[in-house]
Amino acid sequence: MTSLRTPDPNPGWLSEFALAETRSRVPILYVEAVPARVDTFGQIEQVGVLLRSSAATGEITRTLVSGRVLHGESIRDALQRNIEKDLGPAAFPRLPVSLVPATVAEYLPFPGVSQLHDPRQHAVALVYVVPVTGECDPRQDALELTWLTPAEALQPSLLADLEGGRGQLLKQALAWSGAIV
């Protein structure tokens, strides 16, 4: 018997109900990116931090480019899609040749158990430093992109402002890239 249903235009997406149910039972895979402006030698001159509003809570927070990896989607495609989603199609990211991340992050739904916290779910994120060469125009729930020097990005007040403990990820990414010693 064949189905008469209209095919789902986004088969990698779950309905809101299915996503909430899945998040309550299974760790979800994410990619996160620290957008960077680099000099001709590949040294980081600036990193980008997003200002984002949460539709669920109404809070405005600082964060990194982030998003889920969809079912059947490659890590590289997920990274490209989420950078474009947050920074716009003219950001022109230079995706890494190797898919080895700068760090791996684990978010737990229980506060105080880990430095990284996401009350919605248990999530694992592959974190990359991605040079961008084009114009960044924040989209969707991203309100603004602030470019900071590595020294500015390491200010304790800014690191503490990053949602869910992402200040730790920013420090790790800068150390991995050699921007800090």
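## Exercises on strands and salt bridges

Within strand β3, T63 is the bridge partner of L50. Strands (E, at least two residues) and helices (H or I, at least four residues) are DSSP runs, numbered from the N terminus, and two strands pair if DSSP finds at least two bridges between them. The model is predicted, so local features need a pLDDT of at least 70 and side-chain atom pairs a pLDDT of 80 or more, whereas totals for chains, interfaces and linings use all residues. Residues are numbered from 1 along each chain as its sequence is written, and side-chain values use heavy atoms, leaving out hydrogens and water.

**Exercise 1. Determine how far the model can be trusted, and which stretch has a pLDDT below 50.**

Step 1. Begin with pLDDT, the predictor's confidence in each residue, from 0 to 100. The protein averages 88, and 91% of its residues score at least 70.

Step 2. Now look for the weak stretch: residues 1-6 have a pLDDT below 50. Beyond near neighbours in sequence, residues 1-6 make zero contacts in the model, a contact being heavy atoms within 4.5 Å.

**Exercise 2. Describe the overall build of the protein from its secondary structure and dimensions.**

Step 1. List the elements: the protein has five helices and seven strands. Along the sequence they follow the pattern α-β-β-β-β-α-β-β-β-α-α-α.

Step 2. Check the size. The radius of gyration, taken over C-alpha atoms, is compared with a globule rule of 2.2 Å times the number of residues to the power 0.38. For 181 residues a compact globule would come out near 16 Å, and the 17 Å of the protein agrees with that. Along the principal axes, the C-alpha atoms fill a box of roughly 60 × 35 × 30 Å.

Step 3. Consider how the chain folds back on itself: among contacts with a separation of 6 or more, 65% are between residues 24 or more positions apart.

**Exercise 3. Work out which strands flank β2, and how covered β2 is.**

Step 1. Follow the partners of β2 (residues 44-53). Strand β1 pairs with β2 in the antiparallel sense over three bridges, with A36 opposite V47. Five residues separate the two strands of this hairpin, and G42 takes a positive phi near 85 degrees there.

Step 2. Add strand β3 (residues 60-63), which joins β2 through four antiparallel bridges. Strand β7 (residues 142-148) is also antiparallel to β2, with six bridges; one pairing sets L51 against E144.

Step 3. Assess the cover. Buried means under 20% relative accessible area, exposed over 50%, and partly exposed in between (1.4 Å probe, protein chains only). Seven of the 10 residues of β2 are buried.

**Exercise 4. Explain why β6 counts as largely enclosed, and name its partners.**

Step 1. Count: eight of the nine residues of β6 (residues 123-131) are buried, so the rest of the structure largely encloses this strand.

Step 2. Identify the neighbours. Strand β1 (residues 28-38) runs parallel to β6 over nine bridges, with I28 opposite A123. Strand β5 (residues 103-107) runs antiparallel to β6 over five bridges, with A105 opposite A125.

**Exercise 5. Trace the salt bridges of E32, D86 and D118, and state how accessible their partners are.**

Step 1. Fix the criterion: a salt bridge is a side-chain nitrogen of Lys or Arg within 4 Å of a carboxyl oxygen of Asp or Glu. The whole structure holds six of them.

Step 2. Take E32, which meets R166 at 2.6 Å, N to O. This pair connects distant parts of the chain, 134 residues apart: E32 is in β1, R166 in helix α5 (residues 166-176). Both E32 and R166 are buried.

Step 3. Turn to D86, whose salt bridge with K85 spans 3.0 Å, N to O. D86 and K85 are both buried.

Step 4. Finish with D118 and R120, where the closest N and O atoms are 2.7 Å apart. D118 has 10% relative accessibility and therefore counts as buried, while R120, at 46%, counts as partly exposed. Elsewhere, salt bridges that share partners join E32, E163 and R166 into one network.
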